[in-house]
Amino acid sequence: MERVKRIQAGDVRTASRLIRNLEDGMVEARSTIKHIFPLTGKANVLGITGSPGAGKSTLVDGLVESFRKKDKTVGVLAVDPTSPFTGGAILGDRIRMQRHAEDPGVFVRSLATRGALGGLSRAVGDAIHIMDVMGKDMIIVETVGTGQQEVDIINHSHTVIVVLIPGMGDEIQAIKAGIMEIADIFVINKADREGSSKLRREIMAMLDMAPPTAFAAGWRPPIIRVENAFEPEGFAKSLEELTSTIEKHYEHLVKHDLIGSRVRRKTVMELNEAIRTCILEPVLNRLIANGETEAMIEKLINKESDPYTLAEDVARRYLKDLNL
Ligand SMILES: Nc1nc2c(ncn2[C@@H]2O[C@H](COP(=O)(O)OP(=O)(O)OP(=O)(O)O)[C@@H](O)[C@H]2O)c(=O)[nH]1
Ligand SMILES: [Mg+2]
């Protein structure tokens with residue numbers, strides 16, 4: 001397939017168009033992924049998550065530079081699950097990342113949720129495949145860590161970095177709500193700020209409470225302080241420590257044969273997403289198109305039926321083999 005060859009050659013325009021089409025849910029674009037899939041699995045995927053404004057993009061920008069210095073090619077995927085509210089942030093990222101725009105070793109894209117059905121995790125998985133086949137050594141996925149969907153997105157990664165900043169009381173609460181379990185490395189960002197030692201103690205206390213089984217083959221997530229991004233010397237030093245910790249984590253995965261379980265975690269999700277895409281979405285779209293959704297909502301509001309009865313009826317009509 002010509003398109004696959006162009007992507008393998010690192011063609012930015014072809015890759016960008018394909019990512020956009022996948023994001024829009026174009027069925028035709030999926031056929032390219034079918035051809036690409038067997039070629040994937042070479043890149044090291046790094047997930048970065050944390051609350052809005054935690055300095056993730058600034059950190060990613062620094063990481064890109066560090067990896068480029070080591071002669072690694074980099075793909076960056078900025079994911080914005082709440083685009084109507086933070087669309088501006090992605091614009092800011094674009095401007096910031098422009099200093100890498102001239103570098104053919106760097107490919108930056110952003111993804112946003114389209115349509116009510118979501119599918120963002122699927123689009124992220126596909127975009128990672130594309131960057132992988134383009135030959136990017138490192139793929140960095142940035143997402144705002146707030147809900148389950150973000151946790152799913154981050155599960156596409158080999159290494160997950162959770163970015164926290166001092167002075168936000170609810171930080172630890174937020175990580176307890178699911179992000180904590182997936183962190184391989186904690187970053188205390190803007191560490192020049194007041195409260196960074198307290199935050200460090202809180203993370204340590206939280207890790208102390210975790211059962212030993214929470215740490216895969218004994219990897220207790222290290223906590224890295226990243227100094228003020230506006231003080232280049234300290235920031236560069238912090239980034240050096242962070243990149244070497246990322247490398248150590250990857251070595252740990254390899255040494256303890258854990259890459260396989262990460263790949264499995266990602267594969268389970270991908271399969272679920274694909275089934276959702278190929279079964280649930282067409283059914284929901286059909287129901288919307290023929291007006292049934294509206295009719296069902298009316299029925300529910302008027303208490304003429306209940307969600308389970310209606311859903312079972314839909315399943316009976318569309319999924320005959322389920323024997324409901
Ligand atoms: N004081 C200080 N400000 C920083 C630091 N790093 C980033 N910032 C600022 O914090 C703001 C948010 O930074 P971003 O890197 O866009 O943060 P983000 O987490 O990517 O934000 P979203 O993608 O919108 O969630 C920007 O105004 C940055 O200039 C830092 O180390 N110290
Ligand atoms: Mg950002």
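Begin by selecting helix α12 (residues 292–301) together with helix α13 (residues 307–318) in this predicted model, and look along their axes, which come within 10 Å of each other and cross at roughly 150°. Angles over 145 degrees count as roughly antiparallel, and α12 and α13 are therefore roughly antiparallel to each other. If you turn the view to judge the handedness, you will find that α12 passes α13 in a right-handed crossing.

Next, show the side chains along this contact: on the α12 side choose E292, M296, K299 and L300, and on the α13 side choose P307, L310, V314, R317 and Y318, which they meet. Colouring the residues of this contact by class gives six nonpolar and three charged residues, with no polar ones.

Now move towards the N terminus and select helix α2 (residues 12–23) with helix α3 (residues 27–36), whose axes come within 9 Å and cross at roughly 120°. This angle makes α2 oblique to α3, and the crossing in which α2 passes α3 is left-handed. To see what makes the contact, display L18, N21 and L22 from α2, and then A29, R30, T32, I33 and I36 from α3. By class, the contact of α2 with α3 is made up of five nonpolar residues, two polar residues and one charged residue.

The third stop is the magnesium ion, which is ligand 2. Which protein atoms serve as its donors? Select S57 and E142, and show the OG atom of S57 and the OE atom of E142, which are the protein donors and lie 2.1 to 2.2 Å from the ion. S57 belongs to helix α4 (residues 56–69), whereas E142 belongs to strand β4 (residues 138–144), so the pair ties together parts of the chain that are 85 residues apart in sequence. Are these two residues buried or exposed? If you add a surface for the protein chain, keep in mind that S57 and E142 are both buried.

Finally, clear the selections and show the whole chain as a cartoon, in which the secondary structure comes to 13 helices and seven strands. Colouring by accessibility brings out the wider setting, since 45% of the 324 residues in the chain count as buried. For a last view, draw the contacts between residues that are at least 6 apart in sequence: 75% of these contacts join residues at least 24 apart.

How values were computed:
Residues numbered from 1 in each chain as written. Chains lettered and ligands numbered in written order. Predicted model: local features only at pLDDT ≥ 70, side-chain atom pairs only at ≥ 80, totals over all residues. Heavy atoms only, no water. Donors = N, O, S within 2.8 Å, 3.2 Å for Na, K, Ca; no water. Helix = DSSP H or I, 4+ residues; strand = E, 2+ residues; numbered from the N terminus. Buried < 20%, exposed > 50% of the residue type's maximum accessible area, 1.4 Å probe, protein only. Axes fitted to C-alpha atoms, helices over the stretch in contact; angles between N-to-C directions. Parallel < 35°, antiparallel > 145°, perpendicular 65-115°, else oblique. Left-handed = near helix turned anticlockwise from the far one by under 90°. Contact = heavy atoms within 4.5 Å. Nonpolar A, V, L, I, M, F, W, Y, C, P; charged D, E, K, R; others polar.
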